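Me: I'd like to learn how to read the overall build of a model like this one. Can we start with contacts along the chain and then work our way to a single residue?

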Amino acid sequence: MKTKQTGFTLIELMIVVAIVGILTSVGYPSYQHYIQKAKRSEAEAALVSMATAMEQWRVENNNNYTGVTVGAGSTAIFSDQVPTDGSGTKTYTLSISTLAAGNYTLTATPVAPQDSDSCGVLTLDSTGVKGANGIAPDTAGCWE
């Protein structure tokens, strides 16, 4: 009497490995793009929250922005990084790049090269104009 063998042949196993490899090569770049877009959205949200903190500072300090800082210190109104709670890996650095009595420009600069896609540095000024990659207003559609 013959016994029937069960299991996978080497050919079947190689076909499955090839299919998994193809799916991975298609899916991984999409996943990376999604992660990059999520990090950028987090930086955009941080800039908007920082602008709110700037306006709160102005209300409390005689209608000007003089003396405001980010990071640590007694005059720091907001975190100097994204994520703003300090958890996880730092993806963007936040700063106040232009500060005058009546206006400011907030900047989010990507930390790692993989975070700097075509949008690059994000900006938000005191008039609400959003910019990306040194161009304001945002003509590339980076602020979504």
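Reply: Sure. Keep in mind that this is a predicted model. Start with contacts whose partners sit 6 or more positions apart: in the protein, 37% of these join residues 24 or more positions apart.

Me: Which elements does the protein have, and in what order do they run from the N terminus on?

Reply: Here you get one helix and seven strands. Reading from the N terminus, the order is α-β-β-β-β-β-β-β. With a radius of gyration of 24 Å, well over the 15 Å that the globule rule gives for 144 residues, the protein is more spread out than a compact globule.

Me: What box do the C-alpha atoms fill?

Reply: Taken along the principal axes, roughly 100 × 35 × 20 Å.

Me: And how do I read burial and surface? What share of the residues is buried?

Reply: Residues under 20% relative accessible area count as buried, and they make up 29% of the 144 residues here. The exposed area comes to about 9200 Å², with carbon and sulfur atoms supplying 59% of it.

Me: How far apart are the mean positions of the positive and negative charges?

Reply: They're 14 Å apart, taken over 8 positive and 12 negative charges.

Me: Now one residue: where does Gln-36 lie, and why does Gln-36 count as buried?

Reply: Look in helix H1, residues 10-60, for Gln-36. Its relative accessibility is 17%, so Gln-36 counts as buried. For a distance to check on screen, take Gln-36 and Ser-25: they're eleven residues apart along the chain, and their C-alpha atoms are separated by 18 Å.

Definitions and conventions. Residues are numbered from 1 along each chain as its sequence is written. This is a predicted model: local features need pLDDT of at least 70, side-chain atom pairs count only at pLDDT 80 or more; totals for chains, interfaces and linings use all residues. Side-chain values use heavy atoms; hydrogens and water are left out. Helices (H or I, at least four residues) and strands (E, at least two) are DSSP runs, numbered from the N terminus. Buried means under 20% relative accessible area, exposed over 50%, partly exposed in between (1.4 Å probe, protein chains only). The radius of gyration is taken over C-alpha atoms; the globule rule is 2.2 Å times the number of residues to the power 0.38. Contact means heavy atoms within 4.5 Å. Accessible areas come from the Shrake-Rupley method with a 1.4 Å probe; for residues, only the protein chains shown count as cover. Lys and Arg count as positive and Asp and Glu as negative; His and the chain ends are not counted. The place of a charge is taken as NZ of Lys, CZ of Arg, CG of Asp or CD of Glu.
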